[in-house]
Amino acid sequence: MSDFHQRQIDACNRMLVPVRALLTELGLNLQPCGPLLYVKDALETCIAQCQEAIEVARGPECVAAEEAIIGALLNDNACYKEIVDNIDENDFVLKSHRTIWLHITTLIRGGWTADIVTTWESICRLNECDQVIGLQYLGELAANCPSSAGIASWARIVREKAEQRRKAA
């Protein structure tokens, strides 16, 4: 690696120090970055995580219920029928969750399977990757939700929190 590239990497990593400190204070985590190619991705992830932390601070939310809904849908597209009339993208507090929801529902309504790969491909095809933390995040959502049995209850929670935010605004 040239001295020029090493200086660029060092400069980018120095810029990440205060961002990492902020993320740590917010209880979020950023993995250290290595090659220059990953610095841009790391910064975009930092920005997305900070924006989401700000969104959460705006009012009542239940991010766990949002995550469970998305994970359930990624694992079992058939459960979409249980909640389609009870929730929409505006009920999600996190922008990344709104983006994922829109892509999942668009795929399902179009007759496609909305799994981790097809959803991520749909997101990237419309150049919205920067609005979602990443493919790994979709995988975590799916892995952390082994059952879709509670999806109607989770949708009700998300909807109630959204209504509380709207009333408070």
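Student: In which helix is Ala65 found?
Tutor: This is a predicted model. Within it, the residue belongs to an element whose buried residues include Val63, Ala65 and Glu66. That element is helix H3.

Student: Is Ala65 buried or exposed, and at what relative accessible area?
Tutor: The cut-off for buried is under 20% relative accessible area. Ala65 falls under that cut-off, so the residue counts as buried; its relative accessible area is 3%.

Student: Which residues does Ala65 touch, not counting those up to four places away in sequence?
Tutor: Ala65 and Ser153 are 88 residues apart in sequence, yet their C-alpha atoms are 8.7 Å apart in space. Helix H8 covers 151–168. The residues that Ala65 touches, with those up to four places away left out, are Trp154, Ile157 and Val158.

Student: How many of the 13 residues of H3 are buried?
Tutor: The buried residues of H3 include Ala68, Ile69, Ile70, Gly71 and Ala72. Leu73 and Leu74 are also buried. H3 is mostly covered, and the number of its buried residues is 10.

Student: Why does the end-to-end distance of H3 agree with its number of residues?
Tutor: The expected span is 1.5 Å times one less than the number of residues. H3 has 13 residues, so the span should be 18 Å. The C-alpha atoms at the ends of H3 agree with this, being apart by 18 Å.

Student: Which helix supplies the largest share of the largest nonpolar core?
Tutor: The largest nonpolar core has 28 residues, and those touching the most other members include Ile69, Leu73, Ile83 and Trp101. Helices H3, H4, H5, H6, H7 and H8 each supply at least two residues of this core. With six residues, the largest share comes from H3.

Student: Which residues is Ile104 in contact with, leaving aside neighbours within four places in sequence?
Tutor: Ile104 is one of the residues that touch the most other members of the largest nonpolar core. Helix H5 covers 95–109 and helix H3 covers 63–75. Beyond four places in sequence, Ile104 is in contact with Ile70, Leu73, Leu74, Ala114 and Thr119.

Student: How many aromatic pairs does a search of the whole structure find?
Tutor: Tyr80 and Trp101 form a tilted pair, with 6.2 Å centre to centre and 50° between the planes. Phe92 and Trp101 form a tilted pair as well, with 5.3 Å centre to centre and 40° between the planes. For the whole structure, the search finds two.

Student: How many residues apart are Tyr80 and Trp101?
Tutor: Both Tyr80 and Trp101 are buried. Their pair links distant parts of the chain, with Tyr80 in helix H4 and Trp101 in helix H5. The number of residues apart is 21.

Student: Which residues do ring pairs link into a cluster?
Tutor: Phe92 counts as buried because its relative accessibility is 1%. Trp101 is buried too, with a relative accessible area of 4%. The cluster linked by ring pairs is made of Tyr80, Phe92 and Trp101.

Student: Is Asp115 buried, partly exposed or exposed?
Tutor: Asp115 lies in the loop between H5 and H6. Its C-alpha atom is separated by 8.1 Å from that of Asn77, 38 residues apart along the chain. Partly exposed lies between the 20% and 50% cut-offs. At 27% relative accessibility, Asp115 therefore counts as partly exposed.

Student: What is phi of Asn127?
Tutor: Most residues other than glycine have a negative phi. Asn127 is found in the loop between H6 and H7, and it is exposed, with a relative accessible area of 66%. Its phi is a positive value, near 55°.

Student: How many helices and strands does the protein have?
Tutor: From the N terminus on, the elements run α-α-α-α-α-α-α-α. Of the 169 residues, 37% count as buried. The protein has eight helices, and its number of strands is zero.

Student: Where does pLDDT stay under 50?
Tutor: The protein averages a pLDDT of 80, and 64% of the residues score at least 70. In the stretch asked about, the model has 13 contacts beyond four places in sequence. The stretch with pLDDT under 50 is residues 33–37.

Definitions and conventions
Residues numbered from 1 in each chain as written. Predicted model: local features only at pLDDT ≥ 70, side-chain atom pairs only at ≥ 80, totals over all residues. Heavy atoms only, no water. pLDDT = per-residue confidence, 0-100. Contact = heavy atoms within 4.5 Å. Helix = DSSP H or I, 4+ residues; strand = E, 2+ residues; numbered from the N terminus. Buried < 20%, exposed > 50% of the residue type's maximum accessible area, 1.4 Å probe, protein only. Core = buried A, V, L, I, M, F, W, Y, C linked by side-chain atoms within 4.5 Å. Phe/Tyr/Trp six-rings, centres within 6.5 Å; stacked < 30°, edge-to-face > 60°.
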